[in-house]
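Biologist: Before we discuss this protein, could you put the structure up, so that we can go through charges, backbone and strands in turn?

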Amino acid sequence: MGKETITLTNNETGESFEFNLIKCTRGPKAINFSKLFDTTKLFSYDPGYGSTAGCESTISYVNGKDGELLYKGIPIQDLVAQYKFTDVCRLLITEDGLPKNATESKEFDLELRHRGFLHERLKGVFHAFPDKAHPMATLSALVSVLATLYYDHKDMDDEDDYQMMARRIIAKTATMVAFCYRHSVGAPFIEPDISKSYVENFLYMLRGYPHGKFKYTLQGEQGIEEVEIEALDKILTLHAEHGQNASTTTVRNVASTGVHPYAAISAGIAALWGPAHGGANEAVLKQLNEIGDVKNVDKYIAKVKDKNDPFRLMGFGHRVYKNYDPRAKTLRSLKDDLNRRGIKMDTRLSEIAEKVEEVALHDDYFIERKLYPNVDFYSGIILTALKIPTELFTPIFVLGRMPGWCANLIEHVKNPSVRITRPRQVYLGQ
């Protein structure tokens with residue numbers, strides 16, 4: 001069978017040009033426009049790249065129409081229900097797939113625990129930042145410093161090199177995020193404890209006091225409950241990968257220059273910082289506080305529908321999903337489950353969020369525009385219930401997304417046909 005093609009005709013000149021169609025394993029076909037300019041002396045115009053594929057990938061698949069998200073072909077709901085975050089890290093960055101048994105699962109988790117300690121020089125960098133520096137700015141800078149401490153990752157030759165690079169930064173990100181918070185409140189750093197699992201260790205480094213038995217947290221609460229570990233683990237899994245979003249595309253674009261992989265990931269962290277991307281859950285929480293009371297929901301819904309009002313409802317709608325975000329469904333269920341298991345949500349904010357969702361899902365304005373809750377709508381409420389400070393919401397997103405960035409970076413730099421990213425522009429100047 002010959003290749004499937006599509007013919008484009010220039011009505012002005014009468015010339016016709018034929019382009020190959022690429023059949024994807026899932027989703028619509030793609031037109032191979034890689035030679036569009038060479039063939040036609042024309043180029044495509046696609047602001048925001050909503051109709052443009054910049055790469056081929058086998059890592060994740062997002063079906064916006066049906067509200068579907070797959071990691072390596074596996075539905076996100078199944079992964080959250082059956083596997084730990086570190087298992088999902090293994091799935092994304094290696095060719096080995098999910099662990100086949102508890103021993104394989106523990107071995108990978110244990111390796112990350114051992115790699116979680118920070119270079120002493122890196123700890124000294126924290127003192128260069130003001131106490132109230134935003135942790136995303138600090139985190140991006142710290143990852144850039146990692147590029148100087150592990151410079152040999154710039155020239156990776158084999159799979160062992162790729163795996164060491166990825167596992168090292170996935171492990172150290174948990175420590176760096178915890179240290180960012182402790183530095184901001186003037187608390188002493190808590191070193192990783194290899195007797196604790198990856199997620200429990202993160203909570204321990206975030207909350208614990210040095211010396212003696214671990215009993216009280218910085219927030220004055222006792223211990224770390226298993227339900228908290230499970231909940232944060234699920235949140236990290238839900239954020240681990242999501243196709244060619246803004247930050248992942250940033251990582252690939254910067255990596256295309258041949259730069260150190262940690263420099264590319266540092267750029268991805270900066271991209272994720274924005275309120276239209278990773279910072280949205282923090283914005284949702286602020287907006288729920290602005291609404292203030294369930295009785296005010298109708299007033300704010302009316303503001304959304306008023307074309308002359310700049311108010312925009314955060315946590316609703318998505319660039320890709322035109323259906324209920326599957327991650328948001330899981331988070332809604334997780335919120336209810338945590339309530340049943342004794343982790344209490346902020347009742348006022350939870351009731352406002354549920355009322356907003358109820359009104360919006362039955363309102364023609366939202367239905368016609370396919371505006372459904374996204375992953376950010378409930379995540380902030382849950383993180384607050386887990387005693388995560390608001391300023392750490394986006395760094396938690398970084399922690400979750402790190403394996404996805406590493407997987408995309410590895411896939412990108414391994415591809416021998418990859419060229420430096422160089423989009424064109426529609427020039428409208430003099």
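Modeller: We can begin with glutamate 368, which counts as exposed because its relative accessibility is 60%. Please keep in mind throughout that this is a predicted model.

Biologist: Which residue does the side chain of glutamate 368 meet in a salt bridge?

Modeller: A salt bridge here requires a side-chain nitrogen of Lys or Arg within 4 Å of a carboxyl oxygen of Asp or Glu, and for glutamate 368 the N to O distance is 4.0 Å. The partner counts as partly exposed, because its relative accessibility is 43%. That partner is arginine 369.

Biologist: Which residues are joined into one network by salt bridges that share partners?

Modeller: One pair in this group is aspartate 336 with lysine 335, whose side chains meet in a salt bridge at 3.4 Å, N to O. Shared partners extend the connection to further residues, and the members of the network are Arg332, Lys335, Asp336, Glu354 and Glu357.

Biologist: Is lysine 335 buried or exposed?

Modeller: Its bridge partner, aspartate 336, counts as partly exposed because its relative accessibility is 27%. For lysine 335 the relative accessibility is 0%, and the cut-off for the lowest class is under 20%. Lysine 335 is therefore buried.

Biologist: What is the N to O distance in the salt bridge between arginine 341 and aspartate 337?

Modeller: Arginine 341 is partly exposed, with a relative accessible area of 40%, and aspartate 337 is also partly exposed, with 24%. Their side chains meet in a salt bridge, and the N to O distance is 3.5 Å.

Biologist: How many salt bridges does a search of the whole structure find?

Modeller: The pairs discussed above include aspartate 336 with lysine 335 and arginine 341 with aspartate 337. When the search covers the whole structure, the number of salt bridges found is 26.

Biologist: Which residues gather in the patch of negative charge on the surface?

Modeller: One member is aspartate 152, which lies in the loop between helix 6 (135-149) and helix 7 (159-185). Aspartate 152 counts as exposed because its relative accessibility is 54%. The residues of the patch are Asp152, Asp155, Asp157, Asp158 and Asp160.

Biologist: Turning to the backbone, what is the phi of lysine 41?

Modeller: Most residues other than glycine have a negative phi. Lysine 41 lies in the loop between helix 1 (36-40) and strand 4 (60-63), and it counts as exposed because its relative accessibility is 57%. Tyrosine 49, found in the loop between helix 1 and strand 4, has a positive phi of about 55 degrees, whereas the phi of lysine 41 is positive and near 60 degrees.

Biologist: Which glycine in the turn between strand 1 and strand 2 has a positive phi?

Modeller: Strand 1 (residues 5-9) and strand 2 (residues 16-22) run antiparallel and are joined by five bridges, with serine 16 as the bridge partner of threonine 9. The two strands form a hairpin with six residues between them, and the turn residue with a positive phi of about 85 degrees is glycine 14.

Biologist: Which strands are the edge strands of the open sheet with the order 4-5-6?

Modeller: This open sheet has three strands with antiparallel pairing. Four bridges join strand 4 to strand 5 (residues 68-71), where asparagine 63 stands opposite glutamate 68. An edge strand pairs on one side only, and this applies to strand 4 and strand 6 (74-75).

Methods: Residues are numbered from 1 along each chain as its sequence is written. This is a predicted model: local features need pLDDT of at least 70, side-chain atom pairs count only at pLDDT 80 or more; totals for chains, interfaces and linings use all residues. Side-chain values use heavy atoms; hydrogens and water are left out. Patches are made of residues with over 30% relative accessible area and no salt bridge: like charges are joined within 9 Å, nonpolar side chains (Val, Leu, Ile, Met, Phe, Trp, Tyr) within 5 Å. Accessible areas come from the Shrake-Rupley method with a 1.4 Å probe; for residues, only the protein chains shown count as cover. Lys and Arg count as positive and Asp and Glu as negative; His and the chain ends are not counted. The place of a charge is taken as NZ of Lys, CZ of Arg, CG of Asp or CD of Glu. Buried means under 20% relative accessible area, exposed over 50%, partly exposed in between (1.4 Å probe, protein chains only). Two strands pair if DSSP finds at least two bridges between them.
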